[in-house]
Amino acid sequence: MRTPETHAREVAAALPARQVTTVALHRAQDMVLSADIHAGFPSPRFDNSQMDGYALPQCAAGTYLVGPTIAAGDDPIRVLNGPLGAACPIMTGAKVPEGTAAIVPIEHCEPQEFLSPGARITVPKTSPGQFIRRTGSDLEEGALLAARDDKLTPVRLAALASQGIDEVEVYRPARILICTGGAEIGHGNAAIPDANAPLLTAMSHRAGIEVAGYITTNDDPQALTHAFAEAIALNHPDAVVTSGGISAGKFEVVRQVLNGWFGHVDQQPGGPQGIATFRDTPVICLPGNPISTLVSFRLFVAPALGWAPEPFRVPLAAGIEGLPHKEQFRRGRVDSHAHILGGASSHLLAQAADATHLIRIPAGQRLEAGEEVEVYPL
């Protein structure tokens with residue numbers, strides 16, 4: 001059997017190279033960068049004031065002559081022509097005049113107001129550099145601002161905008177068709193409602209993958225073949241993601257229709273997996289139990305076609321026994337520790353409703369509370 005890592009590589013290799021496009025920054029939220037971006041200039045670009053207050057020529061307490069006011073956006077070079085040793089009113093974000101020792105907030109001055117040039121202001125003793133944001137203290141010129149494969153979060157977009165960047169090169173969101181169903185799907189006494197279509201849709205959106213359309217199947221190979229052909233011709237997807245129909249049962253219709261590799265990955269849940277094509281369109285075939293679908297999409301589809309956070313390690317909250325020969329992916333939540341929620345079976349969908357992570361339990365190991373495990377954000 002394949003390891004989860006081997007299967008992830010095989011899935012990625014079966015897919016076409018991701019296409020790159022240029023988009024305006026204001027349209028790029030949650031897209032994924034296709035190339036590194038470095039800072040063109042330091043941030044802050046110049047020493048500036050963190051406070052509304054007075055720019056002081058020295059840190060000693062005393063009474064100072066008031067100089068010209070420095071507003072945000074002013075070039076304070078002109079202040080150098082003002083009275084020697086003057087305390088200059090300065091606004092938050094304004095460029096600090098050369099030779100400024102510190103900034104004192106207006107509320108610490110006497111009087112607590114901005115005075116006209118020629119008046120006198122009394123200030124307390126200050127520390128050197130107080131409330132001065134130094135050039136490059138956030139980011140040095142040439143430093144890596146955003147890396148290839150970074151997701152463009154609101155803060156990262158703001159950081160790019162602060163560098164005067166108004167468009168970025170990103171991976172074009174992959175377009176997929178979602179195929180779910182089976183003769184058992186429905187609303188009769190012996191039927192099961194379709195949970196996998198909304199599950200895969202929501203996970204696709206979170207991963208930055210566009211759902212172009214849906215295919216539903218019963219257990220008729222001819223009907224599924226027609227549905228595949230029609231949906232692919234209409235939507236031109238980058239890939240199809242199926243759920244169910246690939247195990248060893250009598251009515252495994254997906255496996256009957258497609259040509260490709262079908263086998264097992266040494267994990268629980270999500271052992272049965274498949275990689276196939278339908279008339280040159282890649283098809284990623286996932287098992288049909290809802291938790292198996294969830295785990296498989298997170299491990300194999302999201303990283304290959306979209307974006308998924310990197311796994312990391314945290315201590316276990318309670319001890320657990322691993323399976324003898326399979327990696328186990330339990331559902332849970334993570335704070336300072338990893339907490340397992342609900343049972344291990346692949347049908348326990350409601351018990352996983354509060355899960356925020358997959359918690360990986362290595363095969364053949366007994367882990368005690370406090371031992372570190374790998375966790376995968378969902």
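Visitor: How much accessible surface does the protein have?
Guide: This is a predicted model, where local features need pLDDT of at least 70, side-chain atom pairs count only at pLDDT 80 or more, and totals for chains, interfaces and linings use all residues. Residues are numbered from 1 along each chain as its sequence is written, and side-chain values use heavy atoms, leaving out hydrogens and water. Areas come from the Shrake-Rupley method with a 1.4 Å probe, and for residues only the protein chains shown count as cover. Carbon and sulfur atoms hold 51% of the surface, and the total comes to about 18,400 Å².

Visitor: What share of the residues is buried?
Guide: Buried means under 20% relative accessible area (1.4 Å probe, protein chains only). Out of 378 residues, the buried share is 46%.

Visitor: Which element gives the most residues to the largest nonpolar core?
Guide: A nonpolar core is a set of buried Ala, Val, Leu, Ile, Met, Phe, Trp, Tyr and Cys residues joined through side-chain atoms within 4.5 Å. This one has 32 residues, with Phe297, Val301 and Leu305 touching the most other members. Elements giving two or more residues include strand S12 (175–181) and helix H3 (196–206); helices here are DSSP runs of H or I, at least four residues, and strands runs of E, at least two, numbered from the N terminus. The top giver, with 10 residues, is H6.

Visitor: How far apart do the centres of the positive and negative side chains lie?
Guide: Lys and Arg count as positive, Asp and Glu as negative, with His and the chain ends not counted. Each charge is placed at NZ of Lys, CZ of Arg, CG of Asp or CD of Glu. With 28 positive and 39 negative side chains, the two centres lie apart by 2 Å.

Methods. Buried means under 20% relative accessible area, exposed over 50%, partly exposed in between (1.4 Å probe, protein chains only).
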